[in-house]
Amino acid sequence: MTSKYFFSLNSIKPQLSHSGGTAILVTSDHVPGFENISFSALRLKKTGAQGPIWHPNAQKMGYCLDGHVLLTMRGPSAVKTFTVQKGEVFFVPKG
């Protein structure tokens, strides 16, 4: 079901797919109610990695469903690295 506020990940094909995993990037193009926020579903294999994703116009929140992942955020003045564990939520600011 897709509406202004609800969507199914099963209805959106991955936009990024490579040997390390897949990524579904959900924006206001998919869910009109998304204003200044986006959602990504990353499915990484055990040793998989995802290249840079830029967020010039939107903020993003993430949730780790299983395992753990190393997340690096690069900004104009700093690089921050975090380990996100199963059950944890993280926030990526606009820009």
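This report describes the open sheet and the two largest pockets of the structure, which is a predicted model.

**The sheet**

Five strands make up an open sheet with mixed pairing, and their order across the sheet is β1-β2-β3-β4-β7. Because β1 (16–18) and β7 stand at the edges with a single partner strand each, one side of each of these two strands is left without a neighbour in the sheet. From one strand to the next, the twist averages 15°.

At the β1 end of this order, β1 and β2 form a hairpin in which two residues lie between the strands, and the two pair in the antiparallel sense over three bridges. One of the residues involved is L16, whose bridge partner in β2 is A23. On its other pairing, A23 stands opposite L42 in β3, so that residue A23 links the description of both pairings. The strands β2 and β3 run antiparallel and are joined by six bridges, and within this pair V26 has F39 of β3 as its bridge partner.

**The largest pocket**

The largest pocket holds about 1600 Å³ of space. Its lining draws two or more residues from each of β3 (37–44), β4 (59–63), β5 (68–74) and β7 (89–92), and the largest share, eight residues, comes from β3. Of the 46 lining residues, L42, V69, L70, L71 and F90 lie nearest the centre of this pocket; L42 is also the residue of β3 that stands opposite A23. By residue class, the lining of the largest pocket divides into 25 nonpolar, 13 polar and eight charged residues.

**The second largest pocket**

The second largest pocket has a volume of about 160 Å³, and L25, T27, S38, W54 and H55 are those of its 15 lining residues that lie nearest its centre. The elements that give two or more residues to this lining are β2 (21–26) and β3, with β3 giving the most, three residues. The lining of the second largest pocket divides into seven nonpolar residues, seven polar residues and one charged residue.

**The two pockets in summary**

| Pocket | Volume | Lining residues | Most from |
|---|---|---|---|
| Largest pocket | about 1600 Å³ | 46 residues | β3, eight residues |
| Second largest pocket | about 160 Å³ | 15 residues | β3, three residues |

Strand β3 therefore appears in each part of this account: β3 stands between β2 and β4 in the order of the sheet, gives the largest share of the lining of the largest pocket, and gives the most to the lining of the second largest pocket.

How values were computed
Residues are numbered from 1 along each chain as its sequence is written. This is a predicted model: local features need pLDDT of at least 70, side-chain atom pairs count only at pLDDT 80 or more; totals for chains, interfaces and linings use all residues. Side-chain values use heavy atoms; hydrogens and water are left out. On a 1 Å grid over the protein atoms alone, a cavity is a set of points where a 1.4 Å probe fits but cannot get out, and a pocket is an open set with protein on both sides within 12 Å along at least five of seven lines; lining residues have an atom within 4 Å of a point. Grid points are joined across faces, edges and corners, and a volume is the space filled by probe spheres set on the points. Helices (H or I, at least four residues) and strands (E, at least two) are DSSP runs, numbered from the N terminus. Ala, Val, Leu, Ile, Met, Phe, Trp, Tyr, Cys and Pro count as nonpolar, Asp, Glu, Lys and Arg as charged, and the others, Gly among them, as polar. Two strands pair if DSSP finds at least two bridges between them. Axes are lines fitted to C-alpha atoms, for helices over the stretch in contact, and angles run from 0 to 180 degrees between N-to-C directions.
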